[in-house]
Amino acid sequence: MTTYATLLSDVQSYTSYDAADFVAEIPTFIRSAEERIFFLTQIPVFKKAQTGTMTSGNAYLQLPADFLAPASVSIDTGANGWKFLLNKDVEYIREVYPVVATTGEPVVYALFDADEDDTTILIGPTPNSGFTTQLNYFFRPISLTTDTGGTWLSNHAYDTLLYGTLSESANFLKKVAGIDNMGDTYEQRFIAGLAALKNLGESRDRKDTYRSGEKRKTEAA
């Protein structure tokens, strides 16, 4: 297990800078690096499922707090088994199902932003029953700064996390200490690590993906 303490020590060792204000900001550098990885890659280990129930007459589903991006939405239709809904734009749903009060068996869904803190899914047509629903989605994993004993990134993609953290720290060092000699190198190493993660998560682990809604890319040599 690669722990938070290990990363903290390595960052100070690589930068040769241990001023108290810098050390206090290292958790912020780590979270920023993690966020870049989560937003720029789609790795199956960062995906999970949540089961819930639709409400008859309610065209909206509340998304989990750790939601980043959808993978699929399906409903249990009973005798006909599970049915996957098609991912469409909000405009499409409003055009095809303009009357919200008109209900039926759901066919499509779209991300709908009620406000910045209340992201939901819009269903079309408005469900006519309390369908059991399963949302498969990419989520924001717990940060290494919280789960200090080790995370998937720290254990399986440590170099990417390390150089991402160092790249973030370079911005701070340039402003506070005038140090500007390694930032580009750290960023290049981080980008190389991201490419390897994308190759793993979006090509090798996507060859048999049935639905085209998930991001896929050609595997690098």
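**Strand pairing, helix H2 and the Thr151 loop**

In the predicted model, Ser74 has Phe84 of strand E4 as its bridge partner. Strand E3, which comprises residues 67–76, pairs with E4 in the antiparallel sense, and three bridges join the two. This pairing belongs to an open sheet of four strands, arranged in the order E1-E10-E3-E4 with antiparallel pairing. Strands E1 (47–53) and E4 (82–84) occupy the edges; each has a single partner strand, so one side of each is left without a neighbour in the sheet. On average, neighbouring strands of this sheet are turned by 30° against each other, direction ignored.

Helix H2 covers residues 20–40. At 1.5 Å a residue, its 21 residues should span 30 Å, and the end C-alpha atoms are 31 Å apart, which agrees with that expectation. A kink of about 35° is nevertheless found in H2 at Ile26, shortly before the proline Pro27. Both Ile26 and Pro27 are among the buried residues of the helix, together with Phe22, Phe29, Ile30, Ala33, Glu34, Ile37 and Phe38. In an α-helix, residues three or four places apart point the same way because there are 3.6 residues a turn.

Thr151 is located in the loop that runs between strand E10 (132–139) and helix H4 (152–156). Its relative accessibility is 11%; because the cut-off for a buried residue is under 20%, Thr151 counts as buried. When residues up to four places away in sequence are not counted, Thr151 touches Ile142, Ser143 and Leu144.

How values were computed. Residues numbered from 1 in each chain as written. Predicted model: local features only at pLDDT ≥ 70, side-chain atom pairs only at ≥ 80, totals over all residues. Heavy atoms only, no water. Expected span 1.5 Å × (residues − 1). Bend = angle between axes of the 7 residues up to and from the residue. Buried < 20%, exposed > 50% of the residue type's maximum accessible area, 1.4 Å probe, protein only. Contact = heavy atoms within 4.5 Å. Pairing = 2+ DSSP bridges. Axes fitted to C-alpha atoms, helices over the stretch in contact; angles between N-to-C directions.
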